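Open the structure in your viewer and keep the sequence panel beside it. This tour tells you what to select at each stop.

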Amino acid sequence: KLNSEPAPPGTMLNGPLLDKLGATVKKLLDDTDIMEQVKRQAKDGVNLDEGQVVRNLCQSQVDKPVDEYWPQVMISYATGTRHGLDGEGCGLGMQYCQIVVRQLERAGI
């Protein structure tokens, strides 16, 4: 079940700001050096080791106890697996998330 509670005020993007974010993310995806890896994984799948690299990267961003961690930006990705291609709990969504996390980290966010 998805969260049925409304989002707190000021926490959801919509309209022009969402469009600007989408354009920025697309540019970051186009500029990143990891896109060749993602293109390969789109055909060949994301294995468990590659998935663990992404998990480690994302978890490394939490620099204090979780109950005290309130980041400027929160990113979520689906852990859907393509049958016969991806390792359990791995998929392209986590790879796209990795790209965004790395770019935000480089920007100091």
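The stops below go from the whole chain to single residues.

**Stop 1: the whole chain**

Start with everything shown as a cartoon. This is a predicted model. The protein chain has four helices and zero strands. Follow the chain along the sequence and the pattern reads α-α-α-α. Of its 109 residues, 24% count as buried. Now think about contacts with a separation of 6 or more: residues 24 or more positions apart account for 71% of them.

**Stop 2: colour by confidence**

Switch the colouring to pLDDT. The chain averages 81, and 82% of the residues score at least 70. Where is confidence lowest, and where is it highest? Select residues 16–31, helix 1: the mean there is 73, the lowest. Then select helix 3, where confidence is highest, at 91. One caution applies while you look: where pLDDT is low, the predicted coordinates should not be read in detail.

**Stop 3: helix 4**

Select residues 92–106. This is helix 4, with 15 residues. Put a distance label between its end C-alpha atoms: they are 21 Å apart. That agrees with the 21 Å which the helix should span at 1.5 Å a residue.

Next, pick out the buried residues of this helix. Among them are Leu-92, Met-94, Gln-95, Cys-97 and Gln-98. Further along, Ile-99, Val-100, Val-101, Gln-103 and Leu-104 are buried too. Step just past the helix to Gly-108, which takes a positive phi of about 80 degrees.

**Stop 4: Leu-104**

Stay on helix 4 and centre on Leu-104. Which residues does Leu-104 touch, leaving aside its neighbours within four places in sequence? Show Val-73, Ile-75 and Ile-109: Leu-104 is in contact with these three. Val-73 is 31 residues from Leu-104 in sequence, yet their C-alpha atoms are 8.9 Å apart in space.

**Stop 5: Gln-72**

Move to Gln-72, in the loop between helix 3 and helix 4. Is this residue buried or exposed? Gln-72 has a relative accessible area of 70%; exposed means over 50%, so Gln-72 is exposed. Now add Ile-109 to the selection. The two residues are 37 apart along the chain, and their C-alpha atoms are separated by 7.0 Å.

**Stop 6: the largest pocket**

Turn on a surface. The largest pocket has a volume of about 670 Å³. It is lined by 23 residues. Select Gln-61, Tyr-69, Pro-71, Val-73 and Met-74, which lie nearest its centre. Two elements give two or more residues to this lining: helix 3 (48–60) and helix 4. Helix 4 supplies the largest share, four residues. Finish by colouring the lining by class: 14 residues are nonpolar, five are polar and four are charged.

Conventions: Residues are numbered from 1 along each chain as its sequence is written. This is a predicted model: local features need pLDDT of at least 70, side-chain atom pairs count only at pLDDT 80 or more; totals for chains, interfaces and linings use all residues. Side-chain values use heavy atoms; hydrogens and water are left out. The expected span of a helix is 1.5 Å times one less than its number of residues. Buried means under 20% relative accessible area, exposed over 50%, partly exposed in between (1.4 Å probe, protein chains only). On a 1 Å grid over the protein atoms alone, a cavity is a set of points where a 1.4 Å probe fits but cannot get out, and a pocket is an open set with protein on both sides within 12 Å along at least five of seven lines; lining residues have an atom within 4 Å of a point. Grid points are joined across faces, edges and corners, and a volume is the space filled by probe spheres set on the points. Ala, Val, Leu, Ile, Met, Phe, Trp, Tyr, Cys and Pro count as nonpolar, Asp, Glu, Lys and Arg as charged, and the others, Gly among them, as polar. pLDDT is the predictor's confidence in each residue, from 0 to 100. Contact means heavy atoms within 4.5 Å.
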